[in-house]
Amino acid sequence: MIETMFPMFAALLANVTAQLLKPLFLMSRTKRFDMRQTISCGGFPSSHTSTVVALSTAVALVEGLSSSLFAITAIFSFIVIYDAINVRYYAGKNIQLTKQLINDLSASGEVEFSDPIYYEKIKEVLGHRLIEVIGGFILGLTETLLFYFLI
């Protein structure tokens with residue numbers, strides 16, 4: 001049973017590990033500990049990347065590189081990683097820009113923003129920088145290989 005469920009266990013382990021590492025890496029950079037980072041999007045390492053890389057690696061180890069299942073998980077991984085770097089990252093940048101425009105227009109006094117939507121708290125960090133994705137890739141690959149060869 002462990003062999004057939006290995007891809008799922010590897011992916012979950014990589015995800016949990018990445019999420020638990022986020023507050024530690026943030027603390028090493030900023031000297032402040034924020035436990036909320038364990039459930040946040042964005043940050044180092046990318047849990048999206050570590051999860052899909054672990055899944056693809058585990059499927060490759062169990063099913064082989066020439067299997068259809070590996071091909072499916074590899075394509076799935078590319079899509080998720082591309083989304084994390086590009087689509088979600090730039091969506092976060094658009095949120096930052098929009099919030100800054102609202103602040104600037106509001107400060108000028110020329111426009112009054114009375115609708116509560118302008119004051120909604122919106123998360124700005126949605127995606128990842130390349131280094132965060134590389135960290136997730138290395139984590140997912142390394143952890144899965146270690147897990148596989150230890151069991």
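User: In this predicted model, is Phe-149 buried or exposed?

Analyst: The structure is a predicted model. A residue counts as exposed when its relative accessible area is over 50%. Phe-149 has a relative accessible area of 62%, so Phe-149 is exposed.

User: Which geometry does the aromatic pair of Tyr-148 and Phe-149 have?

Analyst: The structure holds three aromatic pairs. In the pair of Tyr-148 and Phe-149, the ring centres lie 5.1 Å apart and the planes meet at 85 degrees. Planes over 60 degrees apart fall into one class, and the geometry of this pair is therefore edge-to-face.

User: Which residues form one aromatic cluster with Tyr-148?

Analyst: Tyr-148 has a relative accessibility of 27% and counts as partly exposed. Its partners in the aromatic cluster are Phe-6, Phe-147 and Phe-149.

User: How many of the residues of helix H2 are buried?

Analyst: Helix H2 covers residues 47-63 and reaches 24 Å from its first C-alpha to its last. Its buried residues include Val-52, Val-53 and Ala-54. H2 is largely enclosed by the rest of the structure, because the buried residues number twelve of the 17.

User: What is the radius of gyration of the chain?

Analyst: The chain has four helices and zero strands. For 151 residues the globule rule gives 15 Å, and the chain lies well over that value, so it is more spread out than a compact globule. Its C-alpha atoms fill a box of roughly 65 × 35 × 25 Å along the principal axes. The radius of gyration is 19 Å.

Definitions and conventions. Residues numbered from 1 in each chain as written. Predicted model: local features only at pLDDT ≥ 70, side-chain atom pairs only at ≥ 80, totals over all residues. Heavy atoms only, no water. Helix = DSSP H or I, 4+ residues; strand = E, 2+ residues; numbered from the N terminus. Expected span 1.5 Å × (residues − 1). Buried < 20%, exposed > 50% of the residue type's maximum accessible area, 1.4 Å probe, protein only. Phe/Tyr/Trp six-rings, centres within 6.5 Å; stacked < 30°, edge-to-face > 60°. Rg over C-alpha atoms; globule rule 2.2 N^0.38 Å.
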